[in-house]
Amino acid sequence: MAIILSTNQPILSIKNLEKSYGVNQVLNGIDLSVYKGQIIGYIGPNGAGKSTTVKIMLGLEQNYSGQVEIFGSDIANEPVEYKRRVGYVPEVADLYDNLTAHEYLTFIGELYGVDSDSVDQKAQKLMSLFGLEDVYHSRISSFSKGMKQKTLIISSLLHNPDLLFLDEPIGGLDANSVMVFKEVLAQLAAQGKTIFYSSHIMDVVEKISNRIILLNEGRIVADGSFEELKQKNQEGTLEEIFNQLTGFDEHKDMAEQFVSIVQEM
Ligand SMILES: Nc1ncnc2c1ncn2[C@@H]1O[C@H](COP(=O)(O)OP(=O)(O)OP(=O)(O)O)[C@@H](O)[C@H]1O
């Protein structure tokens, strides 16, 4: 059944989300509404809870409290239907090394319900655009890091998802491919796709996102466009805003200690 949303209804709505692993409370009450066409830059220090939130939204983590609605339905009640309209590029590439790109991509496309001929044609065309036409029938185990990453990006888009979760998607991509990919994201968003982009590369997040959400110790500590965050925090770059809001100003001290330990004999 198709779910119809009015334009001002959020694509994604999170209310009072909490999650613990044993005694470790990782998410401390997240509230968030994301709208069609937004590119969310989802940032925060290591261990802040970014992947945990994304895993919950993907339905990979079930034990949480609070409510997560995607395309207007609570994912706890509709655990399967919404996934057809979601794409995901994971941080760690879990590609099947022994398959060829052709085998892998048609397999993934078919899992999402795209018929095998159309998925094959689409995968070939996208591989060509990324300069990978000659290796379409080669095993993924022979691919470089960037080639694997491009294959993953393609696999997340084969079913033309409405909501895309990207976790460090450009690791290993060369500068030209990054440029193409950034433009692809901007055009997808302009067509009404919603993108959740999680990364530690601040200058890319700063440029591609129209809304930045900073998570620290399981709480949202900043939410707004780059311009808004800049005005509020009176800092120049997203990296500086990140440092300020996460209370970090010790990089020189830490580096000095690090280097002096390295030099100990
Ligand atoms: N399966 C798990 N079991 C126990 N603890 C976990 C598990 N997954 C995550 N955690 C803990 O939850 C916290 C948040 O982890 P998470 O992976 O969400 O952080 P992150 O913001 O994505 O970090 P990074 O930037 O390093 O990827 C960490 O303290 C981590 O140790």
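Visitor: At what angle do helix α7 and helix α8 pack, and are they parallel, perpendicular or oblique to each other?
Guide: In this predicted model, α7 (residues 226-233) and α8 (residues 238-245) have their axes 10 Å apart and pack at about 55°. Angles under 35 degrees would count as roughly parallel, and 65 to 115 as roughly perpendicular. The two helices fall in neither range, and are therefore oblique.

Visitor: Which residues of α7 and α8 make the contact?
Guide: α7 passes α8 in a left-handed crossing. From α8 come L238, I241, Q244 and L245. The α7 side supplies F226, L229, K230 and N233.

Visitor: Which are the edge strands of the open sheet?
Guide: Four strands, paired antiparallel, follow the order β2-β1-β4-β5. Within it, β1 (residues 12-21) and β4 (residues 65-70) are joined by five bridges, and L12 stands opposite I70. The strands that pair on one side only are β2 (24-34) and β5 (73-74).

Visitor: Which residue in β7 stands opposite V89?
Guide: Strand β6 (residues 86-89) runs parallel to β7 (residues 163-167), with four bridges between them. Side chains in a regular strand alternate between the two faces of the sheet. Both faces of β6 are covered, with V86 and Y88 buried on one side and G87 and V89 buried on the other. Opposite V89 in β7 is L166.

Visitor: Which residues touch the most other members of the largest nonpolar core?
Guide: That core has 60 residues. Among the contacts of F196 are I40, Y42, V54, L164, F165 and L166. The residues touching the most other members are F196 and Y197.

Notes:
Residues are numbered from 1 along each chain as its sequence is written. This is a predicted model: local features need pLDDT of at least 70, side-chain atom pairs count only at pLDDT 80 or more; totals for chains, interfaces and linings use all residues. Two strands pair if DSSP finds at least two bridges between them. A nonpolar core is a set of buried Ala, Val, Leu, Ile, Met, Phe, Trp, Tyr and Cys residues joined through C-beta atoms within 7 Å. A residue is buried if 20 or more other C-beta atoms lie within 10 Å of its own, exposed if 12 or fewer, and partly exposed in between; C-beta atoms are placed from the backbone. Two residues are in contact if their C-beta atoms, placed from the backbone, lie within 7 Å. Axes are lines fitted to C-alpha atoms, for helices over the stretch in contact, and angles run from 0 to 180 degrees between N-to-C directions. Angles under 35 degrees count as roughly parallel, over 145 as roughly antiparallel, 65 to 115 as roughly perpendicular and the rest as oblique. A crossing is left-handed if the near helix is turned anticlockwise from the far one by less than a right angle, and right-handed if clockwise. Lists of a residue's contacts leave out its neighbours within four places in sequence.
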